[in-house]
Amino acid sequence: MRNPASVFDVARRTKGFMPMVEGLALFEFARHARGTTWLEVGAWCGKSTLYLGAAATRAGATLFSLDHHHGSEELQEGWPHFDPTLVDPADGRLNTLPSWQRTVADAGLEETVIGLVGRSEVIAPHFATPLNLLFLDGGHGDVVAWRDFRDWAPKVVVGGLVLLHDVFANPEDGGRPPYEIYCHALDSGDFVARGAVGSLHALERRR
Ligand code: SAH
Ligand code: MG
């Protein structure tokens, strides 16, 4: 089993968009998950992967880490978070897969974390195993974010956790879809809130 502190050290130097306080909260929420099939949508260079992966090794769980690794619309050239060092000169596209692989290897999590490389909407219909934990942090545009929720949340078992990133109640802090999805999940009565740290919100399926 990997020592979480050494995994968090790797996380500290990994590129990404999750402040450490939210990463540690991700680890803590995940520690309360029961069951051994976990999945994240949106891995980028593997920061969230490590916080979830550290909890997964302790739980004896397997974490499926899904991304096509070419970046969301809001990460492309011309947008504030564009990172030219992640462009593959062979084809001019973003490619975070090599960084993600290095991150997971450096943290010693290759036995715990399995990469699913492809589009979420293509993989989802083929993934039949019930999920005990789902972390949603893929594309945040209206169509993509809602599709991810509708494709993946139904696979979460009763008592399982859905963790949503970038949920901002105040429109000045960030885009709407994750917050609207969070409100919808609670209004549906299918989920109860299990706490929040920063923009990370935890839900538990109750039916
Ligand atoms: N959780 C990461 C950040 C993820 S950023 C961290 O902690 O740093 C969002 C990611 O979602 C990007 O890497 C992008 O490639 C991925 N993504 C966006 N739309 C996707 C889709 N339809 N299928 C698979 N991955 C997608
Ligand atoms: Mg995010």
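Is Asp166 buried or exposed, and what is its relative accessible area? Asp166 is buried, with a relative accessible area of 18%; buried here means under 20% relative accessible area, exposed means over 50%, and partly exposed is in between, using a 1.4 Å probe and protein chains only.

Okay, some ground rules before I go on. This is a predicted model, where local features need pLDDT of at least 70 and side-chain atom pairs count only at pLDDT 80 or more, while totals for chains, interfaces and linings use all residues. Residues are numbered from 1 along each chain as its sequence is written, chains are lettered from A and ligands numbered from 1 in the order in which they are written, and side-chain values use heavy atoms, with hydrogens and water left out.

Back to Asp166, then. You'll find Asp166 in the loop between β7 and α7. Helices and strands, by the way, are DSSP runs numbered from the N terminus: H or I with at least four residues for a helix, E with at least two for a strand. Phi of Asp166 is near 65 degrees, so a positive value in a residue that isn't glycine. In general, most residues other than glycine have a negative phi.

Asp166 also helps hold a metal. The magnesium ion, ligand 2, is coordinated by Asp137 through two OD entries, by His165 through ND1 and by Asp166 through OD, at 2.1 to 2.8 Å. Donors are N, O and S atoms within 2.8 Å of the metal (3.2 Å for Na, K and Ca), and water is not among the atoms, so sites may look incomplete. Along the chain, the donors of this magnesium ion follow the spacing D-x27-H-D. Asp137 and His165 link distant parts of the chain, 28 residues apart: Asp137 sits in the loop between β6 (131-136) and α6 (142-152), and His165 in the loop between β7 (156-164) and α7 (177-187). Both Asp137 and His165 are buried.

Trp44 has a positive phi as well, near 50 degrees. Trp44 is in the loop between β1 (37-41) and α3, and it is buried at 10% relative accessible area.

Now the helices. Helix α2 (residues 20-31) and helix α3 (residues 47-59) pack at about 30 degrees, with axes 8 Å apart. Axes are lines fitted to C-alpha atoms, for helices over the stretch in contact, and angles run from 0 to 180 degrees between N-to-C directions. That makes α2 roughly parallel to α3, since under 35 degrees counts as roughly parallel, over 145 as roughly antiparallel, 65 to 115 as roughly perpendicular and the rest as oblique. Among the residues meeting here are Leu24 and Phe27 in α2 and Tyr51 and Ala55 in α3, where contact means heavy atoms within 4.5 Å.

What about helix α1 (residues 4-12) and α3? Their axes come within 9 Å and cross at roughly 170 degrees, so α1 and α3 are roughly antiparallel to each other. The contact includes Val7 and Phe8 of α1, and Leu50 and Tyr51 of α3.

Two last stops. Val197 lies in strand β8 (residues 191-197) and is partly exposed at 28%. Leaving aside neighbours within four places in sequence, Val197 is in contact with Val21, Glu22 and Ala25. Ser72 is in the loop between β2 (62-67) and β3 (87-88), and at 18% relative accessibility it counts as buried. Not counting residues up to four places away in sequence, Ser72 touches Gly138 and Gly139.
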